[in-house]
Amino acid sequence: MKKAADFMSEANAIVPKITPAEGIARHAAGATFVDVRDSGDVAKSGTIAGALRISRGMLEFRACDEHALHDAGMQKDAEIILICAAGGQAALAGKTLHEMGFANVSNVGGFTAWQEAGGPVED
């Protein structure tokens with residue numbers, strides 16, 4: 001039987017973790033950012049400027065280009081950088097996207113670290 005730590009280890013082995021500074025540079029270069037936190041959390045703190053707001057619970061539907069709920073911003077050939085509150089949900093979401101055929105997925109960790117690094121934000 002798997003435990004949470006097992007899922008995290010698998011995700012971290014597949015999804016590269018980048019620093020907020022690296023993320024800020026990639027943001028400036030046009031990478032697609034996806035905040036996988038629930039909408040209530042995003043409403044309280046804001047998110048990365050221009051980030052797609054796709055909760056982890058809706059990710060498979062919004063990422064699947066054959067599903068009615070597909071988000072046009074989710075393109076398999078794009079650089080996708082995920083963020084959440086601390087990095088755990090982003091890592092797990094990244095593993096899911098990898099399994100769905102997204103080849104260039106990274107985890108920038110938590111939103112607080114992004115803010116502290118001076119990353120661009122929006123409400």
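**Helix packing and an aromatic pair in a predicted model**

Helix 1 and helix 5 lie roughly perpendicular to each other in this predicted model. Two packed helices are described by the angle between their axes and the distance between the axes. Here, the axes of helix 1, which covers residues 4–14, and helix 5, which covers residues 88–99, come within 8 Å and cross at roughly 65°. An angle from 65 to 115 degrees counts as roughly perpendicular, so the label applies to helix 1 and helix 5. The crossing of helix 1 past helix 5 is left-handed.

The residues that build this contact can be picked out on both sides. Helix 1 contributes F7, M8, E10, A11, N12 and I14, while helix 5 contributes G88, A91, L92, K95 and H98. Sorted by class, the contact between the two helices holds six nonpolar, three polar and two charged residues.

A good residue to follow here is M8, which sits in helix 1. Setting aside residues up to four places away in sequence, M8 touches G88, A91 and L92, and these three also appear among the helix 5 residues of the contact. With a relative accessible area of 23%, M8 is partly exposed; buried would call for a value under 20%. A look further along the chain is also helpful: M8 and G30 are 22 residues apart in sequence, and their C-alpha atoms are separated by 28 Å.

Attention now turns to the aromatic rings, where the count comes to one pair. It is formed by F33 and W114, whose ring centres are 5.4 Å apart and whose planes stand at 55°, so the pair is tilted; planes over 60 degrees apart would count as edge-to-face. The pair links distant parts of the chain, with F33 in strand 1 (residues 32–35) and W114 in helix 6 (residues 111–116), 81 residues apart. Both partners are hidden from the surroundings: F33 is buried, with a relative accessible area of 2%, and W114 is buried as well, at 1%.

Beside W114 in the sequence comes Q115, also placed in helix 6. Whereas W114 is buried, Q115 is partly exposed, with a relative accessible area of 37%. Leaving out neighbours within four places in sequence, Q115 is in contact with S45 and V121. The first of these contacts spans a long stretch of chain: Q115 and S45 are 70 residues apart in sequence, yet 10.0 Å apart in space from C-alpha to C-alpha.

Note on methods
Residues numbered from 1 in each chain as written. Predicted model: local features only at pLDDT ≥ 70, side-chain atom pairs only at ≥ 80, totals over all residues. Heavy atoms only, no water. Axes fitted to C-alpha atoms, helices over the stretch in contact; angles between N-to-C directions. Helix = DSSP H or I, 4+ residues; strand = E, 2+ residues; numbered from the N terminus. Parallel < 35°, antiparallel > 145°, perpendicular 65-115°, else oblique. Left-handed = near helix turned anticlockwise from the far one by under 90°. Contact = heavy atoms within 4.5 Å. Nonpolar A, V, L, I, M, F, W, Y, C, P; charged D, E, K, R; others polar. Phe/Tyr/Trp six-rings, centres within 6.5 Å; stacked < 30°, edge-to-face > 60°. Buried < 20%, exposed > 50% of the residue type's maximum accessible area, 1.4 Å probe, protein only.
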